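Take a moment to look over the fold before reading on. We will start from one strand and work outward.

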Amino acid sequence: YKVCLNHLAEPRRRRSRTSPIGVLLVIGPGRGRRGHPARLTPRLGVEMGVPVGKLEGQVAFITGAARGQGRSHAVRLAEEGADIIGIDLCAQIDTVPYPMATPDDLAQTAKEVSALGRRMFTQVADVRDAASLQRALDAGVAELGPVDIVLANAGIATMSLHPREEEWQDLIDVNLTGVYNTIRIAIPAMIERGKGGSIVITSSVAGMVGSSSHTPGELGYAAA
C-alpha cells in the first residue's frame, strides 16, 4: 500500500492523558501473486519479525464488509485478534454497472471471521444515511464493545459505457459523504474513551491525479 499517516493528538498539555487517533489513507489495493490482494499471514509475520495477534481484544468497524477489500480487511484483522462490526448496503444502486454485494456475501465474511475464532456483528446499513449507520454501529458496540479501529472502505464505481448524470451524485454520496458519515459517527466515542485508535480511509490514486474523462461517473470518482 502507498499510505499517508497522520496522528491526531490532543494539545500538548493533555497528551499524557489521551492517546492519539491515527488516520491512515490507503491509496489503492496492494496486489499479491496472480492478482490476489497481498496479505501478511501469521507465518510470514513471524518470518519478517512483525508481531502477530497484536489486535487481541480490539474491535474494528468496517464499512463495505461483504466482499472484496472489506472482507479482506475483516479477515486480516480477525487474524490479528480483533472482533469485527461489519456493515454493507447489500443492495444494488441503479447507476452501478456491476452486481453489488448481497446478504449472502456479508454472511460469508462473518463465516470466515468466525472460522478464525473471532466474533463478527453484521448489519445491512447504508453509509449515505448517517442515522442508519449510527444504529448499526450502536448495535455492534452493544454486542462486541467499543470501537478501536475504523475502516471507511465502502465505495462504488459508476463508470459505464452509457453515462448518466446521476452517476456523479451517487459517487459523491457513497464515496465522499459515506466516508464522512462513517468517521463522524465513530470519532466522538473514540475520543471520549481516551485510549486512541486508528481510522483507515480507502481511496484511489485518481484522487491524486484526477481524471481525463468527461463522464459524470469518472469525474465523481476522482472528486470523491
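Which residues point one way from β3, and which the other way? This is a predicted model, and in it V59, F61 and T63 point one way from β3. A60 and I62 point the other way. In a regular strand the side chains alternate between the two faces of the sheet. Here both sets are buried. The strand is mostly covered, with five of its five residues buried.

Now step back to the whole chain. It holds seven helices and seven strands. Along the sequence they follow the pattern β-β-α-β-α-β-α-β-α-β-α-β-α-α. Of the 224 residues, 44% are buried. Many contacts reach across the sequence. Among those between residues at least 6 apart, 69% join residues at least 24 apart.

Return to β3 and look at its neighbours. It pairs with β4 in the parallel sense, over five bridges. A60 has I84 as its bridge partner in β4. The route between these two strands goes through helix α2, residues 68-79, and the β-α-β unit they make is right-handed. β3 also pairs with β6, again in the parallel sense, over three bridges. Here the bridge partner of A60 is I149. A60 therefore has a bridge partner in β4 and another in β6, where a pairing takes at least two bridges between the strands.

Follow β6 further. This strand covers residues 149-152 and runs parallel to β7, residues 197-203, with four bridges joining them. V150 stands opposite I199 in β7. To get from β6 to β7 the chain crosses through helix α5, residues 166-193, in a right-handed β-α-β crossover.

Helix α5 deserves a closer look. It has 28 residues. From its first C-alpha to its last it reaches 40 Å, close to the 40 Å expected at 1.5 Å a residue. Yet the helix has a kink of about 35 degrees, centred on T177. After α5 comes G194, with a positive phi near 75 degrees.

What fills the interior? The largest nonpolar core has 29 residues, and F61 and I85 touch the most other members. F61 is one of the β3 residues met at the start, on the side shared with V59 and T63. At least two core residues come from each of β3, β4 (83-88), α4 (130-144), β6, α5 and β7. The largest share, seven residues, comes from α5.

I85 shows how these pieces meet. Leaving out residues up to four places away in sequence, it touches V59, A60, F61 and I62. Its list also includes F121, A136, L137, G140, V141, L144 and V147. Apart from this core lies another, of 19 residues. Among its members are A82, A101, L106 and V200.

Finish with helix α7, residues 216-223. Which of its residues are buried? They are P216, G217, G220 and A222. An α-helix has 3.6 residues a turn, so residues three or four places apart point the same way. The buried residues of α7 pack against α5 and against α6, residues 206-209. That brings α5 back into view: this helix links β6 to β7, supplies seven residues to the largest core and packs with α7.

Terms used. Residues are numbered from 1 along each chain as its sequence is written. This is a predicted model: local features need pLDDT of at least 70, side-chain atom pairs count only at pLDDT 80 or more; totals for chains, interfaces and linings use all residues. Side-chain values use heavy atoms; hydrogens and water are left out. A crossover is right-handed if, with the strands pointing away from the viewer, the path from the first strand over the helix to the second runs clockwise. A nonpolar core is a set of buried Ala, Val, Leu, Ile, Met, Phe, Trp, Tyr and Cys residues joined through side-chain atoms within 4.5 Å. Buried means under 20% relative accessible area, exposed over 50%, partly exposed in between (1.4 Å probe, protein chains only). Contact means heavy atoms within 4.5 Å. The expected span of a helix is 1.5 Å times one less than its number of residues. The bend at a residue is the angle between axes fitted to the seven residues ending there and the seven starting there.
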